[in-house]
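The following exercises are to be worked through with the sequence and the model at hand. Each task is followed by a solution in steps.

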Amino acid sequence: MPTRRSPLKKPERSYLALGLEGSANKLGAGIIRHELDGSSTVLSNVRHTYITPPGEGFLPRDTAAHHRQWALKVIEDAVANRVSPCTTWIASAIRKVRLAPLFVMSYGYRYHLTPSVGPGMGAPLQSVALVARTLSLLFNKPLVGVNHCVGHIEMGREVTGAQNPVVLYVSGGNTQVIAYSRQCYRIFGETLDIAVGNCLDRFARVINLSNDPSPGYNIEQEAKKSVPFCNPLTHDKRYRANDDPAPGPPQDGAEEEDCFTSADLCFSLQETVFAMLVEITERAMAHIGSKEVLIVGGVGCRQSQASGDDGIMAEERGGKVFATDERFCIDNGIMIAQAGLLSYRMGFQTPITKSTCTQRFRTDEVHVAWRA
């Protein structure tokens with residue numbers, strides 16, 4: 001079947017975008033440039049995470065306060081850590097607010113701002129959107145609101161080179177199996193009650209695992225201490241936390257081998273959840289006849305590292321798995337900048353009066369005009 005021509009034309013000049021991400025506990029700022037030949041160059045990608053004590057989640061109010069406190073510092077670092085000369089207007093904004101000396105050179109780029117406007121937590125989203133609106137108004141730069149989920153997908157496609165994959169999007173607030181059709185990312189299936197990332201976060205709180213750097217990472221490390229498999233839904237053995245004192249004589253007639261630790265539970269939960277995701281992804285591949293799987297999202301980063309089942313499944317079907325590392329998989333500003341530039345080059349802008357945030361901004365509500 002002949003390849004359809006993309007409606008996205010090669011740019012007449014270079015474009016430069018500052019992307020701002022703050023839909024959950026990650027605050028990110030990234031700068032990307034689209035070159036004349038159609039390629040993209042990541043200039044900087046800075047992130048700061050709001051981490052709570054073990055056993056606690058992150059509340060919207062506290063997370064928003066974190067984003068307001070760190071926004072200027074993160075943007076300043078993004079500009080200072082650029083790979084090549086960047087823009088003067090970002091530096092000027094920071095100088096006016098912080099009076100910090102910062103010198104950057106400006107070239108003939110077109111600039112614009114791309115904040116994430118949903119889905120996500122309302123208060124954190126509003127905090128980051130306020131920063132984007134302020135910069136847009138101060139320096140008369142175009143504003144382009146970006147769907148967080150689409151940002152993950154487009155950055156994954158850009159980094160890996162996947163053409164038309166089945167997308168397994170696994171994050172703290174979303175778990176979806178997605179495929180592209182007719183300028184829309186169609187959702188083939190999604191969790192109805194709790195996203196995988198939220199499930200892992202809650203479980204980590206129950207067994208008092210650290211939130212640093214993330215609950216999912218610590219569950220993965222804890223699972224490596226366990227070898228036997230037990231189904232957490234049906235297992236009837238006694239639970240003993242790893243940090244409990246050495247067990248005394250068996251109580252109620254229970255033998256020592258009838259106990260399992262938090263490491264056993266981490267292994268069981270992780271492998272059960274990931275196996276379920278692999279199964280539903282394989283069904284989607286069979287349905288649309290795709291040979292590619294793209295794993296995106298913060299928890300997707302954990303899945304691609306902790307479980308090799310995706311690769312085995314795709315190889316058996318004559319396909320291939322694409323995944324990015326933590327720079328682009330975990331929430332970041334560069335993915336927002338990438339999706340925003342694609343929208344902007346197709347003529348889309350977000351008026352200030354309509355730059356509101358939507359907590360339930362669904363993936364399939366976005367018009368993907370830049371794809372054939």
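**Exercise 1: Backbone at two loop residues**

At 69% relative accessibility, asparagine 140 counts as exposed, where exposed means over 50% relative accessible area, buried under 20%, and partly exposed in between (1.4 Å probe, protein chains only). The model is a predicted one, in which local features need pLDDT of at least 70 and side-chain atom pairs count only at pLDDT 80 or more, while totals for chains, interfaces and linings use all residues. Residues are numbered from 1 along each chain as its sequence is written, and side-chain values use heavy atoms, with hydrogens and water left out.

Task. Locate asparagine 140 and glutamine 183, and state the sign of phi for asparagine 140 and for glutamine 183.

Solution.
- Step 1. Asparagine 140 belongs to the loop between H3 and helix H4 (148-160); helices (H or I, at least four residues) and strands (E, at least two) are DSSP runs, numbered from the N terminus.
- Step 2. The phi angle of asparagine 140 is near 55°, which is positive although the residue is not glycine.
- Step 3. Glutamine 183 sits in the loop between strand E6 (175-180) and strand E7 (185-190). Its phi is near 60°, again a positive value in a residue other than glycine.
- Step 4. Glutamine 183 counts as partly exposed because its relative accessibility is 25%.

**Exercise 2: Cis peptide bonds before proline**

Task. Determine the omega values of the peptide bonds that precede proline 119 and proline 213, and place both prolines in the chain.

Solution.
- Step 1. The bond from glycine 118 to proline 119 is cis, with omega near -5°. Proline 119 is in the loop between strand E4 (110-115) and H3.
- Step 2. The bond from aspartate 212 to proline 213 is also cis, with omega near 5°. Proline 213 is part of the loop between H5 and H6.

**Exercise 3: The surroundings of proline 124**

Task. Is proline 124 buried or exposed, and with which residues is it in contact?

Solution.
- Step 1. Proline 124 is placed in helix H3 (residues 122-139).
- Step 2. Its relative accessibility is 0%, and therefore it counts as buried.
- Step 3. When neighbours within four places in sequence are set aside, proline 124 is in contact with Gly22, Ala24, Pro60, Thr63, Ala64 and His67; contact means heavy atoms within 4.5 Å.
- Step 4. Leucine 27 is 97 residues away from proline 124 along the chain, yet their C-alpha atoms are separated by 8.9 Å.

**Exercise 4: The nonpolar cores**

Task. Which elements supply at least two residues each to the largest nonpolar core?

Solution.
- Step 1. A nonpolar core is a set of buried Ala, Val, Leu, Ile, Met, Phe, Trp, Tyr and Cys residues joined through side-chain atoms within 4.5 Å.
- Step 2. The largest one has 27 residues, and Val196, Phe203, Ile219, Cys266 and Leu277 have the most contacts inside it.
- Step 3. The elements that each supply at least two residues are strand E5 (166-170), helix H5 (196-206), helix H6 (215-223), helix H7 (262-288) and strand E10 (292-296). H7 gives the most, with ten residues.
- Step 4. Another core lies apart from this one; it has 19 residues, among them Val117, Ile153, Tyr185 and Leu294.
- Step 5. Outside its neighbours within four places in sequence, valine 196 is in contact with Val170, Ser171, Thr175, Val273, Leu277 and Val299.

**Exercise 5: Helix H6 and the second largest cavity**

Task. Why is H6 described as largely enclosed, and how many residues does H6 give to the lining of the second largest cavity?

Solution.
- Step 1. Seven of the nine residues of H6 are buried, so the helix is largely enclosed by the rest of the structure. The buried residues are Pro215, Gly216, Asn218, Ile219, Glu220, Glu222 and Ala223.
- Step 2. On a 1 Å grid over the protein atoms alone, a cavity is a set of points where a 1.4 Å probe fits but cannot get out, and lining residues have an atom within 4 Å of a point.
- Step 3. The lining of the second largest cavity consists of Leu200, Gly216, Ile219, Glu220, Gln270, Phe274 and Arg302. H6 and H7 are the elements that give two or more residues to this lining.
- Step 4. H6 gives the most to the lining, with three residues.

Terms used:
1 Å grid on protein atoms, 1.4 Å probe; cavity = no way out; pocket = protein on both sides within 12 Å on 5 of 7 lines; lining within 4 Å.
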